[in-house]
Amino acid sequence: MGKIILTGDRPTGRLHLGHFVGSLRRRVELQNSGEFEKIFIMIADAQALTDNADNPEKVRQNIIEVALDYLSCGIDPSKSTVFIQSQVAELCELAFYYMNLVTVSRLQRNPTVKSEIKMRGFSDDVAEGDTTQKKGIPVGFFTYPISQASDITAFKATTVPAGEDQEPMIEQTREIVNKFNSVYGETLVMPEILLPDNAACMRLPGTDGKAKMSKSLGNCIYLSDTEKEVKQKVMGMYTDPDHIHIEDPGKVEGNCVFTYLDAFCRPEHFAKYLPDYASLDELKAHYRRGGLGDVKIKKFLIAVLDELLEPIRARRKEWEQNIEEVYRILENGSAAAREVAAQTLSEVRAAMKINYFEDKALIAEQAAKYKAE
């Protein structure tokens, strides 16, 4: 069997630079490498509804935003199958079966689940009728790792490009695959995570210096941001709070501007936008010893980001004029994805011995048994 990719995003807003460096840029590279037999890219609307159940319109509207971001970044529907999660019903059935293979305590120990619960302000001790502002944990959100295992295994994915924060989720998928295969026989494919090859891209911080760029924290630079918006966000970016005067020595570690430069700048950018320096190492050394202001490095970062984002903005404007075609791509992709998932589900049902009507040998055996009696 050839190598297969499954990856995707929740449609809770436009995609940002964290998505781009964490997975999206790599998807385009892998798509164009010819290394993979199939690439499935999922817009995870069903998962988004687990913590947006009271705002389905938000998810509905952002389907097209995410699709536009995909296409603008270079995802090619002739090479990659782009689909909507909720339109592949087989994923729900697979997740239901996998729930029997995972304990509640194991889910509670999942670091990503714990982190996401905390970030969204959920609590596990909200009683029925509680009138406080606390929100109980939706079961669907709590069981996200099981749903993700369903998504990955349905398409027999061998590779899942993702950021570092998703490692615990992929590990849980691997546990489910191992458990299923040991109980029911070799049926599911064991996936591997594919992390970004640039350490700065593992988990791009938000513009406010928080550990992760997040739509809910409002610290994102979006792929569809205008030049003006990018400039405004970079100029307000968190740097070194102790670097008050230009002559002061500055810290590079934990400084968002340098983290972003680690992720996005290339050697040729210096000749184009900052010829006073030959490399990023030289720029860092000057900042550390003092005599280099934050504004200068922020202007350099703005130039680097605008070079990256300008062609993405241009392609987005073109696709925005053909929304009907974008929906056609999603509909066709969802139909193709459902066909593949249905085949996997059929194999799972056979392994679990719940394919009663397809198992002709079972029917014949039972018929002979009762006739003999």
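**Exercise 1. Which residues line the largest cavity, and how do they divide by class?**

Solution, step by step:

- Start with the names: the lining of the largest cavity is made of Ala67, Tyr70, Leu71, Val82, Val326, Ile329 and Leu330. Keep in mind that you are looking at a predicted model.
- Next, sort them by class. The lining comes out as 7 nonpolar residues, with no polar and no charged ones.
- Now look for the elements behind these names. H3 and H15 each supply at least two residues of this lining.
- Finally, add the volume, which is about 30 Å³ for the largest cavity. With a threshold of 30 Å³ or more, the structure holds 1 cavity.

A word on the idea behind this exercise: rolling a probe the size of a water molecule over the atoms shows where empty space is left.

**Exercise 2. Describe the second largest pocket: its volume, its lining and the elements that supply it.**

Solution, step by step:

- Take the volume to begin with: the second largest pocket holds about 370 Å³ of space.
- Then turn to its lining of 17 residues, where Ile63, Ile84, Ser86, Gln87 and Tyr327 are the closest to the centre.
- Helix H3 (56–73) and H15 each give at least two residues to this lining. You have met these names already, since H3 and H15 each supply at least two residues to the lining of the largest cavity too.
- Close with the classes: 9 residues are nonpolar, 4 are polar and 4 are charged.

**Exercise 3. Which element gives the most to the lining of the largest pocket?**

Solution, step by step:

- Begin with the volume of the largest pocket, about 1000 Å³.
- Its lining has 45 residues, and those nearest the centre are Arg10, His19, Asp165, Gln166 and Lys212.
- Now list the elements with at least two lining residues each: strand E1 (4–9), helix H1 (17–33), helix H6 (111–119), H8 and strand E6 (159–161).
- From here you can pick out the answer: H1 gives the most, with 5 residues.
- As a last step, split the lining by class, which gives 16 nonpolar, 16 polar and 13 charged residues.

**Exercise 4. Which residues of helix H4 are buried, and why do they lie on the same side?**

Solution, step by step:

- Helix H4 covers residues 90–98, and its buried residues are Glu90, Leu91, Leu94, Ala95, Tyr97 and Tyr98.
- These residues cover an arc of only 160 degrees around the axis, so they lie on the same side of H4.
- Check the other side of H4, where Cys92 and Phe96 are exposed.
- What do the buried residues of H4 pack against? Their partners are strand E2 (38–43), helix H8 (144–154), helix H9 (167–184) and helix H15 (323–351).

**Exercise 5. Are Cys73 and Cys92 buried or exposed?**

Solution, step by step:

- Recall the cut-offs: buried means under 20% relative accessible area, and exposed means over 50%.
- Cys73 has 8% relative accessibility, so Cys73 counts as buried.
- Cys92 has a relative accessible area of 59%, so Cys92 is exposed.
- How many disulfides does the structure hold? The count is 0.

**Exercise 6. How many helices and strands does the protein have, and how much of it is buried?**

Solution, step by step:

- Count the elements: the protein has 16 helices and 7 strands.
- Of its 373 residues, 49% are buried.
- For the extent, the C-alpha trace spans about 95 × 50 × 35 Å along its principal axes.
- For the contacts, consider those with a separation of 6 or more: 76% of them are between residues 24 or more positions apart.

Conventions. Residues numbered from 1 in each chain as written. Predicted model: local features only at pLDDT ≥ 70, side-chain atom pairs only at ≥ 80, totals over all residues. Heavy atoms only, no water. Buried < 20%, exposed > 50% of the residue type's maximum accessible area, 1.4 Å probe, protein only. Helix = DSSP H or I, 4+ residues; strand = E, 2+ residues; numbered from the N terminus. Arc of directions from axis to C-beta. Contact = heavy atoms within 4.5 Å. 1 Å grid on protein atoms, 1.4 Å probe; cavity = no way out; pocket = protein on both sides within 12 Å on 5 of 7 lines; lining within 4 Å. Points joined across faces, edges and corners; volume = space filled by probe spheres on them. Nonpolar A, V, L, I, M, F, W, Y, C, P; charged D, E, K, R; others polar. Disulfide = S-S within 2.5 Å.
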